Structure formats: C-alpha cells, structure tokens
Amino acid sequence: MEGLPTTTKGDKRWRSKNLQTSKPSLLMAFFSCIAWLYVAGRLWQDAENRTLLANLLKKNMEQRPKVLTVEDKLMVLGCKDLEKRIVEAEMDLTLAKSQGYLKNQLRQSESFSEKRLLAVIGVYTGFGSYLKRQTSRGSWMPRGDALKKLEERGVVVRFVIGRSANRGDSLDRHIDEENHRTKDFFILEGHEEAQEELPKKVKFFFSTAVQNWDAEFYVKVNDNIDIDLEGLIGLLEHRRGQDSAYVGCMKSGEVVSEEGKDWYEPDWWKFGDEKSYFQHASGSLFILSKNLAQYINVNSASLKTYAYDDTSVGSWMMGVKATYIDDNRLCCGSIRQGELASIIYSC
C-alpha cells in the first residue's frame with residue numbers, strides 16, 4: 001500500500017543512539033542543579049555573615065571615643081595637673097600629720113594644753129597572764145580610785161591585749177569579765193593576740209593610743225617587770241615638751257640566722273654580713289613622744305615589722321629624725337659601767 005509510512009533499519013539505529021546519549025546529559029543536569037544549590041546556599045550564608053560583621057563594626061564604631069578637640073585635650077591636661085597637685089598635697093598632709101602639725105590639732109593643743117596627759121602607759125599582757133596582772137596590781141599598778149586619781153595627774157595606765165583568733169570565745173569573755181571588774185584594760189579590737197603577732201601589736205598599740213588619748217608620751221611596758229612608777233613619772237616630767245624623743249635602754253646585738261634557735265630572725269639577710277642589729281631600745285620598757293607615735297599611726301600600713309617588737313620600732317625610728325636617749329635607769333635593774341642611777345624597773 002502506497003499511503004503507509006515505512007520504517008527502515010537506519011531509522012531504528014538513529015533512535016536507539018539518541019536514547020543512549022540522553023542519559024549522561026540528564027545526569028550532568030542533575031549534578032549541575034545540586035552544585036548550583038550548594039553555591040547559592042554558601043553565598044546566602046556568606047551574606048548573612050557579612051551582615052552580622054557589618055552590624056558589629058557599626059556597634060563598635062558607635063562605642064569608640066570621639067576625636068578630642070583642643071578644648072578637650074586642655075581639659076585632660078588640666079585634670080592631670082590637678083591630680084598631681086592633689087597627690088603632692090596629700091604627701092604634705094601625711095608629713096604634717098606625722099609631725100603633729102595639723103591645724104585642728106594645733107588649735108586643740110593650744111586651747112586644751114592644760115588637759116593634755118603626761119603619758120599613756122601600755123602594759124603588754126596576754127590571755128594566760130592573769131597571775132602576772134594580779135602581781136602588777138598588787139605592787140606598782142594602782143587599782144580602782146587610785147587609778148582614777150593617777151589619771152587626774154595626767155598618767156593613764158592600761159593592760160594592753162588583742163582579741164582571740166576565735167572572736168567571742170572563752171578567752172575573750174574572760175578578758176571582758178576581768179575588765180568589767182577592774183576597768184584597767186585597753187583592748188585592741190583589730191589585733192589578734194598571739195606571740196608571733198607581737199611586732200604588729202606594737203603598731204596597733206601606738207596607733208590606737210594616739211587616737212584615743214592626747215599625751216606627751218606613750219610608753220610600752222612588759223607585764224613581767226616591776227616598775228618604780230613615781231620614778232618613771234619623774235623621768236617623763238623632766239622631758240615634757242621634748243619632741244621626737246625615743247627613750248629607752250639602747251642596745252644592739254647579733255642577729256640570729258639559724259632557724260630553731262632562740263631569737264631567730266627570719267629577715268637576718270637584711271642586716272648585712274656582720275649580722276648585727278641597729279641601735280634600738282630594749283623591748284621591756286621604752287618611750288615615744290607624741291609625734292613619733294603619730295608617725296607610726298599615719299604610716300602603719302607600710303611599716304615593715306621584724307621578728308620582735310623592739311627591733312621593729314628601732315627600724316622605724318631610723319627613718320625619721322628621732323632623738324635617741326639612752327637612759328641607764330631603763331636597763332632592767334642593772335647599772336652599766338659602774339654608774340650610779342636610780343633604777344626605774346627591775347625584771
């Protein structure tokens with residue numbers, strides 16, 4: 001029949017060849033779509049990161065300080081100059097306080113010179129020293145009304161003690177009860193009472209005493225010595241009005257560098273090859289005039305303490321214009337070099 005189309009063998013071969021070549025094309029198209037989606041996703045993520053960074057930069061720019069104008073710079077320089085002047089004024093004020101030349105203190109001393117005490121005598125004691133305190137009360141230290149009459153003469157005598165490491169324990173309570181009966185304690189509330197803390201105790205005593213009493217002299221005494229109180233008062237009366245007085249039985253001696261031995265000094269290496277202490281008053285009894293006690297009060301935070309209170313005080317006196325007064329009468333019952341003297345205390 002002439003109208004029907006006929007398919008030749010060549011046409012069949014061409015169609016099968018087209019089907020074979022279209023499969024790789026489809027795969028390439030599929031992978032291309034996946035790659036395009038991946039790239040688009042990364043670009044979108046990068047765009048978000050850029051936006052986030054731009055916001056952070058904008059925020060930081062807003063927080064940056066503005067450019068200082070000439071007026072601002074002059075103001076800063078003025079503040080620095082003012083700060084320098086304030087520091088210099090504070091240094092001058094500290095010096096004036098240490099020397100007792102504050103304006104209000106001068107007015108107080110001028111207006112109330114008659115009320116200034118002669119001396120505050122601090123008798124160092126501890127929690128286990130009740131019998132020693134009783135011995136002192138029974139011998140040289142006045143009690144009750146006699147203690148008040150002594151204060152009317154311008155002499156305050158107090159047992160000096162700190163607080164227990166466990167505040168409010170039986171040790172503290174016993175001292176409070178004893179003080180309630182005798183009224184002769186000066187309790188250092190900020191000091192922890194311990195043998196190894198004695199060098200710090202001397203700072204607390206002089207600092208607190210000079211804040212509580214206006215006196216010519218401040219005396220540190222141990223509770224294991226017997227004092228001629230009238231002889232001590234006479235010595236102080238003789239030196240009334242003398243500034244920068246550092247009075248005691250002056251001595252020096254070997255610095256013990258071997259740990260475990262008596263009088264061991266942990267800072268022995270600071271005393272040089274000779275290992276000898278500087279001149280200082282014996283710790284049993286020594287006297288400071290008011291301006292030296294004020295010096296300790298003002299500079300207590302920066303004053304270095306050594307193993308013992310007497311050497312600590314001696315090191316502080318080396319840094320000021322103290323007048324060293326070596327008085328034989330303060331040498332623990334002994335008369336040096338055969339000199340005749342009236343002994344103030346015995347030990």
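# Helix packing and buried residues in a predicted model

Q: Which residues of helix 10 are met by Leu198, Pro199, Val202 and Lys203 in helix 7?
A: The structure is a predicted model, in which local features need pLDDT of at least 70 and side-chain atom pairs count only at pLDDT 80 or more, while totals for chains, interfaces and linings use all residues. Residues are numbered from 1 along each chain as its sequence is written, and side-chain values use heavy atoms, with hydrogens and water left out. Helices (H or I, at least four residues) and strands (E, at least two) are DSSP runs numbered from the N terminus, and contact means heavy atoms within 4.5 Å. From helix 10, the residues that meet Leu198, Pro199, Val202 and Lys203 of helix 7 are Asp309, Ser312, Val313 and Trp316.

Q: How many nonpolar residues does the contact of helix 7 with helix 10 have?
A: Ala, Val, Leu, Ile, Met, Phe, Trp, Tyr, Cys and Pro count as nonpolar, Asp, Glu, Lys and Arg as charged, and the others, Gly among them, as polar. In the contact of helix 7 with helix 10, 2 residues are charged, 1 is polar, and the number of nonpolar residues is 5.

Q: At roughly what angle do the axes of helix 7 and helix 10 cross?
A: Two packed helices are described by the angle between their axes and the distance between the axes. Axes are lines fitted to C-alpha atoms, for helices over the stretch in contact, with angles running from 0 to 180 degrees between N-to-C directions. The axes of helix 7 and helix 10 (residues 309-318) come within 8 Å, and their crossing angle is roughly 55°.

Q: Is helix 7 roughly parallel or oblique to helix 10?
A: Angles under 35 degrees count as roughly parallel, over 145 as roughly antiparallel, 65 to 115 as roughly perpendicular and the rest as oblique. The axes cross at roughly 55°, so the relation of helix 7 to helix 10 is oblique.

Q: What span should helix 7 have at 1.5 Å a residue?
A: The expected span of a helix is 1.5 Å times one less than its number of residues. Helix 7 (residues 198-212) has 15 residues, and its end C-alpha atoms are 21 Å apart, which agrees with the expected span of 21 Å.

Q: Is Phe205 buried or exposed?
A: Buried means under 20% relative accessible area, exposed over 50%, and partly exposed in between (1.4 Å probe, protein chains only). Phe205 lies in helix 7, and leaving aside neighbours within four places in sequence, its contacts include Val120, Tyr124, Val160, Phe186 and Leu188. Because its relative accessible area is 0%, Phe205 is buried.

Q: Which residue, 23 residues away in sequence, has its C-alpha 8.8 Å from that of Phe186?
A: Phe186 belongs to strand 3 and counts as buried at 8% relative accessibility. Not counting residues up to four places away in sequence, Phe186 touches residues including Arg158, Phe205, Thr208 and Trp213. The residue with its C-alpha 8.8 Å from that of Phe186 is Ala209.

Q: What is the relative accessible area of Lys200?
A: Lys200 is in helix 7, where Pro199 and Lys201 are among the buried residues. Not counting residues up to four places away in sequence, Lys200 touches His191 and Thr305. Lys200 is partly exposed, with a relative accessible area of 40%.

Q: How many of the 10 residues of helix 10 are buried?
A: The buried residues of helix 10 include Asp310, Thr311, Gly314, Ser315 and Met317. Helix 10 is largely enclosed by the rest of the structure, because its number of buried residues is 9.

Q: How many charged residues does the contact of helix 4 with helix 6 have?
A: The axes of helix 4 (residues 130-138) and helix 6 come within 13 Å and cross at roughly 10°, and the two helices are therefore roughly parallel to each other. Tyr130, Arg133 and Arg137 of helix 4 make the contact with Ile175, Glu178, Arg181 and Thr182 of helix 6. By class, 2 of the residues in this contact are nonpolar and 1 is polar, while the number of charged residues is 4.

Q: Where is Ser244 found?
A: Ser244 has a positive phi near 60° although it is a residue other than glycine. Its relative accessible area is 15%, so Ser244 is buried. Ser244 is found in the loop between helix 8 (229-238) and strand 6 (245-251).
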